[in-house]
Amino acid sequence: MKLVIILLSVIIAMSISSLILNQLKECEKSDTGIEICYWKLSYRRKFIRTLWLIPIGIILVFCFYITFQSTIWTFLVAAGFTIMLLVQAMYNYKKWKTTTE
């Protein structure tokens, strides 16, 4: 039951994110100051924000293990976070370097 709730939450979050992305696709990018909306950031700031997510991801995986007490599920969640963060960091870094050249 908990897994269904988690999967449903992820699907809802991804749906909302894609709707916001479509609306804010052409907005002006910000490279200074505080910006809450991820899509308004430059690629450099997206890369920095992705790096900040690494300690948060570690804490979330630890909390996941404490909550569910399952080594297998914790490993799968940790692997998913790791892959997501690595792909996102590489993509943002590459786009940052190509836009500055």
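A pocket, for this tour, is an open set of grid points with protein on both sides within 12 Å along at least five of seven lines, and its lining residues have an atom within 4 Å of a point. Keep in mind as you click around that this is a predicted model.

Start with the second largest pocket: select T50, L51, I54, G57, I58, V61, A78, F81, T82, L85, L86 and A89, and you have its lining on screen. Colour by helix and you'll see that α2 and α3 each supply at least two of these residues. Now colour by class: the lining has 9 nonpolar and 3 polar residues, with no charged ones. The space in there comes to about 190 Å³.

Next, hop over to the largest pocket, with a volume of about 1100 Å³. Its lining runs to 24 residues, so don't pick them one by one just yet; go for V10, M14, L60, F81 and M84, which lie nearest the centre. Keep F81 highlighted, as this residue lines the second largest pocket and is also in the lining of the largest one. Here α1 (2-23) joins in, with α1, α2 and α3 each giving at least two lining residues. By class, you get 19 nonpolar, 4 polar and 1 charged.

Last stop: Q69. Look in the loop between α2 (43-68) and α3 (71-100) to find this residue. Is Q69 buried or exposed? With a relative accessible area of 55%, Q69 counts as exposed, because the cut-off is over 50%. Check the backbone while you're there: phi of Q69 is near 50°, a positive value in a residue other than glycine.

Methods
Residues are numbered from 1 along each chain as its sequence is written. This is a predicted model: local features need pLDDT of at least 70, side-chain atom pairs count only at pLDDT 80 or more; totals for chains, interfaces and linings use all residues. Side-chain values use heavy atoms; hydrogens and water are left out. Helices (H or I, at least four residues) and strands (E, at least two) are DSSP runs, numbered from the N terminus. Buried means under 20% relative accessible area, exposed over 50%, partly exposed in between (1.4 Å probe, protein chains only). On a 1 Å grid over the protein atoms alone, a cavity is a set of points where a 1.4 Å probe fits but cannot get out, and a pocket is an open set with protein on both sides within 12 Å along at least five of seven lines; lining residues have an atom within 4 Å of a point. Grid points are joined across faces, edges and corners, and a volume is the space filled by probe spheres set on the points. Ala, Val, Leu, Ile, Met, Phe, Trp, Tyr, Cys and Pro count as nonpolar, Asp, Glu, Lys and Arg as charged, and the others, Gly among them, as polar.
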